[in-house]
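Open your viewer and get ready to click along. Each stop below tells you what to select next and what is there.

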Amino acid sequence: MLKRLLNSAKIEFTISPVDPLLIKSGQATVGGVDMSFVRTRRNNGRNEPFIPGSSLKGVIRSYAEKICRTLKTEPVPVCLPYVTPGKEGQGEQGQASCGLRFEEYKKGNGIKDLSSRDAYSYSCPACRTFGSHVFTGRFKSADAYLLSGVNPSFEIRDGVAIDRITGGAASGAKYDLEVLVKGDFSTTIEIHNFERWQLGLIALVLRDMEDELIRIGSGTSRGLGRIKATISSFTVSYFGSQQSTLTGISGQCTDQEKSDYGFANETGGNSTLTKSVQKGLRFEHDITANWKDVLAPAVNDLTDYIASVQWPAGITDYTRRR
Ligand SMILES: [Zn+2]
């Protein structure tokens, strides 16, 4: 990705359980519960439940992929991150992982490092945003910690272990699950050097998270994991330049960079930004009060971009080159 920082967006929000939540801990527990909620030591050594940033990122990514798949079905515009090229199953044709395709290409041609231009340019919309084996994405999510003063409460549920491969009940295995029924967490997500459609994509995920449509953790098919997000702060910042309308990296970089990286055009209209506050080199716009309106053109960009995206044809051609 471009070495210089041109823009960033930062969203702070709280997560509250609507259904009981289970984010599994990998560790054995002393209390005799088979599956316990993940905890970390914070605030004077107290052992508190938390939601790892990696879990949140996983949920946001897969929901974002779902949105892209809804916007275009043929060909599917995003990859399946765990599918190896040549090993696509039924219904997975053309959807092998961008990262694994690039890895295979590098191996086959004795290439050590792919240029970040090519890796970005030929990646699917999800890998462009969230990253893949060959490059880090621009999206970051922090661990979500309990809001101060909040006392979480848990319940123990009986669960029958679901065999992870067949989806059936594993033989005779009975499990106790420790689920969180009360407790509000706060967290931050950030995206750097965003294309405007990427903000649109994140906005659609957040909107559905506010509307309690997103589930996280384990047991989501058994009624666990529904959450509600409440956005407390949404800021968009530009570095070294002031903007009066919402733009993304393609409105800020050179024409050469735009073509090298394949940044999409901003076709979805304009929205005015409120006056910025200067913080060093950064001009920060607070859009908390009307983020859905401000980001409407970004959502239009997303629709246009997905409709015209050259994935998977582009990456298929590229990885055939010698
Ligand atoms: Zn991909």
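One term first: a residue is called buried under 20% relative accessible area, exposed over 50% and partly exposed in between, using a 1.4 Å probe and protein chains only. You are looking at a predicted model, in which local features need pLDDT of at least 70 and side-chain atom pairs count only at pLDDT 80 or more, while totals for chains, interfaces and linings use all residues. Residues are numbered from 1 along each chain as its sequence is written, and side-chain values use heavy atoms, with hydrogens and water left out.

**Stop 1: two positive phi angles**

Select N193 in the loop between β10 (185-192) and α5. Helices (H or I, at least four residues) and strands (E, at least two) are DSSP runs here, numbered from the N terminus. N193 counts as buried because its relative accessibility is 4%. Its phi is near 45 degrees, a positive value in a residue other than glycine.

Now go to E212, in the loop between α5 and β11 (227-239). E212 also has a positive phi, of about 65 degrees, although it is not a glycine. With a relative accessible area of 27%, E212 is partly exposed. Both stops are worth a click because most residues other than glycine have a negative phi, and most peptide bonds are trans.

**Stop 2: two cis peptide bonds**

Select E74 and P75: a cis peptide bond joins them, with omega about -10 degrees. P75 is found in the loop between α1 (53-71) and α2. Next, select W311 and P312, where the peptide bond is cis with omega near 5 degrees. P312 sits in the loop between α8 (296-308) and α9.

**Stop 3: helix α2**

Select residues 98-109, the twelve residues of α2. The expected span of a helix is 1.5 Å times one less than its number of residues. For α2 that gives 16 Å, and the end C-alpha atoms are 17 Å apart, which agrees.

Which residues of α2 are buried? They are C98, G99, R101, F102, Y105 and K106. These residues cover an arc of only 160 degrees around the axis, so they lie on the same side of α2; the arc is that of the directions from the helix axis to the C-beta atoms. Turn to the other side of α2 and you will find K107 and G108 exposed.

Show the surroundings as well: the buried residues of α2 pack against α3 (116-121), α4 (125-130), β4 (131-132) and α9 (313-320). At the start of α2, a side-chain oxygen of S97 comes to within 3.2 Å of the backbone nitrogen of G99. Just after the helix, G110 has a positive phi of about 60 degrees.

**Stop 4: S123**

Move to S123, in the loop between α3 and α4. S123 counts as buried because its relative accessibility is 2%. A polar atom of the S123 side chain lies 2.5 Å from the backbone oxygen of A119. Leaving aside neighbours within four places in sequence, S123 is in contact (heavy atoms within 4.5 Å) with C98, F102, R128, F135 and W311.

**Stop 5: strands β2, β3 and β7**

Select β2 (residues 39-42) and β3 (residues 46-51), which pair in the antiparallel sense over four bridges. Two strands pair if DSSP finds at least two bridges between them. R42 stands opposite R46 in β3, and R39 has P49 as its bridge partner. The two strands form a hairpin with three residues between them, and N43 in the turn has a positive phi of about 40 degrees.

Then add β7 (residues 144-146): two bridges join it to β3, and the two run antiparallel. Here I51 has A144 as its bridge partner.

**Stop 6: the nonpolar cores**

A nonpolar core is a set of buried Ala, Val, Leu, Ile, Met, Phe, Trp, Tyr and Cys residues joined through side-chain atoms within 4.5 Å. The largest one has 77 residues, and those with the most contacts inside it are F13, I51, L199, L206, F234, V236 and L246. Helix α5 (residues 196-210) gives the most to this core, with eight residues.

Select F13 to look around: leaving aside neighbours within four places in sequence, its contacts include F185, I189, L206, M209 and I231. Apart from the largest core lies another, of five residues, among them L22, M35, V179 and L224.

Technical notes:
Polar contact = N/O pair within 3.5 Å; in protein donor to acceptor, adjacent residues only side chain to side chain.
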